[in-house]
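Okay, thanks for squeezing me in before coffee. I'll put the structure up and then walk through a few spots in it.

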Amino acid sequence: MERLSATPAGITLGPIELVTEGGARNFVLEMRAGRFHGFVVRSGEAVTGYVDRCPHMGVPLAQELDRYLTGDGSLIQCSWHGALFRIDDGRCVGGPCAGAALTPWPVTIRDGSIVTA
Ligand code: FES
């Protein structure tokens, strides 16, 4: 099945509570065109989404389900070779692909639900 790097806008992923405060969660969307893998990071009532693909080697970041963040929750960390990414813009600030960036997956909150944007 084809791996997609974007989704249409307006898909409801579920209530914001699906993602723990200060945490991250994986989402897989199966569509006619293929399968999309992404993850959402939550800070308070705000969410930020990225395609689940490390710019270093093109693999999903988390080897353990939903393990996308550093221990203190301040950065996104790839589980393979330790690349570190800022949560707000996905820029790699350390590790083997410094200067590269995660691909944004636009998501927003609407009426308490996470929705693709
Ligand atoms: S695949 Fe992510 S750091 Fe190497």
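I'll start with the annotated domain, go on to the cysteines, and finish with three aspartates.

One thing up front: this is a predicted model. So, the domain. The UniProt record, an unreviewed entry, puts a feature called "domain: Rieske" at residues 10-116. In the model, the C-alpha atoms at the two ends of residues 10-116 sit 5 Å apart. As for secondary structure, that span is 42% strand and 0% helix.

Now the cysteines. How many disulfides does the count come to? Zero. Cysteine 97 is worth a look here: the nearest cysteine sulfur belongs to cysteine 92, and the distance is 3.7 Å. A pair has to be within 2.5 Å to be called a disulfide, so cysteine 97 is in none. Is cysteine 97 buried or exposed? It's buried, at 7% relative accessible area. Cysteine 54 is buried as well, with a value of 2%.

On to the aspartates, and two of them have a backbone angle to point at. Take aspartate 66 first. Its phi is near 70°, which is a positive value in a residue that isn't glycine. Where is it? Aspartate 66 is in the loop that runs between strand E5 (46-51) and strand E6 (75-77). Its relative accessibility is 27%, and that counts as partly exposed.

Aspartate 111 has a positive phi too, near 50°, and again this is a residue other than glycine. You'll find aspartate 111 in the loop between strand E9 (107-110) and strand E10 (113-116). This one is exposed, with 80% relative accessible area.

Last one, aspartate 88. Go to the loop between strand E7 (84-86) and strand E8 (92-94), and that's where it is. Aspartate 88 is exposed as well, at 62% relative accessible area. And yet it has partners from elsewhere in the sequence. Which residues does aspartate 88 touch, if you skip those up to four places away in sequence? Thr48 and Tyr50. There's also a distance you can check on screen: aspartate 88 and leucine 75 are 13 residues apart in sequence, and C-alpha to C-alpha they are 9.1 Å apart in space.

That's my tour, happy to go back to any of these spots.

Definitions and conventions:
Residues numbered from 1 in each chain as written. Predicted model: local features only at pLDDT ≥ 70, side-chain atom pairs only at ≥ 80, totals over all residues. Heavy atoms only, no water. Buried < 20%, exposed > 50% of the residue type's maximum accessible area, 1.4 Å probe, protein only. Helix = DSSP H or I, 4+ residues; strand = E, 2+ residues; numbered from the N terminus. Contact = heavy atoms within 4.5 Å. UniProt positions renumbered as here; feature names shortened; annotations may be inferred.
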